[in-house]
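Work through the exercises below with the sequence and the model open. Each task is followed by a solution in steps.

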Amino acid sequence: MHKFLGKVIAVSLLISTPLWSIAKDNLLARLNQQYQQTLIDNHMGVMRQLAQHKLTLDLLQQRNQNPLPLTKILEIDKNWSNNQFWHNQVTNNPITEKFAKLVQAKLYGFSELMLVDTAGALVAAYPLTSDFWQGDEEKFIVAMNKQMFSVTSANWDHSTQRYSFFVTVPIQQDNLSLGALIAGLAVTPQYMQSLSKASQD
């Protein structure tokens with residue numbers, strides 16, 4: 001009987017630390033997931049309204065009536081940093097004004113907003129992005145393939161110089177795909193540190 005008790009105590013001592021570590025990691029993962037979900041819930045209503053706004057639909061319809069060939073998209077993307085004409089096309093329009101107000105509003109946590117066509121080429125954006133073509137990125141591909149909103153992992157974003165994750169809402173009208181609204185939602189450095197710690201433990 002005592003031998004059995006001794007074995008139980010020994011085993012308990014051996015696994016107590018790993019179990020605590022696992023429990024702590026699971027708690028951290030759940031808290032991070034809850035934090036991310038809260039951010040999404042707080043912004044999804046605004047995103048859905050914006051995705052179906054008349055200004056949004058009109059801009060996308062205009063682009064889709066005169067779609068850019070992929071060769072043209074790649075050419076613009078290659079010279080994007082110096083392409084003032086396309087910078088103006090993307091930033092000087094009514095929907096970008098709405099984007100700017102939302103990004104600058106303290107009530108929300110938007111770090112950036114982008115409107116893209118069915119090929120993933122920018123139609124509108126605030127602030128100006130580091131790439132014209134979003135069509136080769138996970139945030140666009142997953143959402144458009146599934147035709148449902150998608151969420152990426154949080155990472156450092158070079159365009160905004162902030163930690164953020166992306167939420168993409170595909171836009172349809174009369175069952176036809178018009179493009180997508182992509183929002184970067186900013187997260188705190190503490191959130192990123194906790195994710196990093198959880199992956200290392």
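**Exercise 1. A residue in a loop**

Task: Decide whether Asp174 is buried or exposed, and describe its backbone.

Solution. The model is predicted. Step one: the relative accessible area of Asp174 is 68%. Exposed means over 50%, so Asp174 is exposed. Step two: Asp174 belongs to the loop between β5 and β6. Step three: its phi is near 55 degrees, which is positive although Asp174 is a residue other than glycine.

**Exercise 2. The next residue**

Task: Repeat the analysis for Asn175.

Solution. Step one: Asn175 has 72% relative accessibility and therefore counts as exposed. Step two: Asn175 is also placed in the loop between β5 and β6. Step three: Asn175 is not a glycine, yet its phi is positive, at about 65 degrees.

**Exercise 3. A residue in a strand**

Task: Find out where Leu185 lies, whether it is buried or exposed, and what it touches.

Solution. Step one: Leu185 is part of strand β6. Step two: its relative accessibility is 0%. Buried means under 20%, so Leu185 counts as buried. Step three: leaving out residues up to four places away in sequence, Leu185 touches several residues, including Leu39, Ile40, His43, Phe110, Tyr163 and Val167. Step four: Ser111 is another residue that Leu185 touches. The two are 74 residues apart along the chain, while their C-alpha atoms are separated by 5.5 Å.

**Exercise 4. Two sides of a helix**

Task: Sort residues of α5 into buried and exposed, and locate each group.

Solution. Step one: the buried residues are Ile95, Thr96, Phe99, Ala100, Leu102 and Val103. Step two: these residues span an arc of only 165 degrees around the axis, so they are on the same side of α5. Step three: Glu97, Lys101 and Gln104 are exposed on the other side of α5.

**Exercise 5. The nonpolar cores**

Task: Describe the largest nonpolar core and name its main contributor.

Solution. Step one: the largest nonpolar core has 28 residues, and those touching the most other members are Phe99, Phe110, Leu113, Leu115, Ile171 and Leu181. Step two: elements giving two or more residues to this core include α1 (2-51), α5 (94-104), β1 (110-117) and β6 (176-186). Step three: the element that gives the most is α1, with 7 residues. Step four: apart from this core lies another, of 18 residues, with Leu68, Ile73, Trp86 and Ala125 among them.

**Exercise 6. A peptide bond**

Task: Which kind of peptide bond joins Tyr126 and Pro127?

Solution. Step one: omega is about -10 degrees, and the bond is cis. Step two: Pro127 sits in the loop between β2 and α6 (138-146).

How values were computed:
Residues numbered from 1 in each chain as written. Predicted model: local features only at pLDDT ≥ 70, side-chain atom pairs only at ≥ 80, totals over all residues. Heavy atoms only, no water. Core = buried A, V, L, I, M, F, W, Y, C linked by side-chain atoms within 4.5 Å. Buried < 20%, exposed > 50% of the residue type's maximum accessible area, 1.4 Å probe, protein only. Helix = DSSP H or I, 4+ residues; strand = E, 2+ residues; numbered from the N terminus. Contact = heavy atoms within 4.5 Å. Arc of directions from axis to C-beta.
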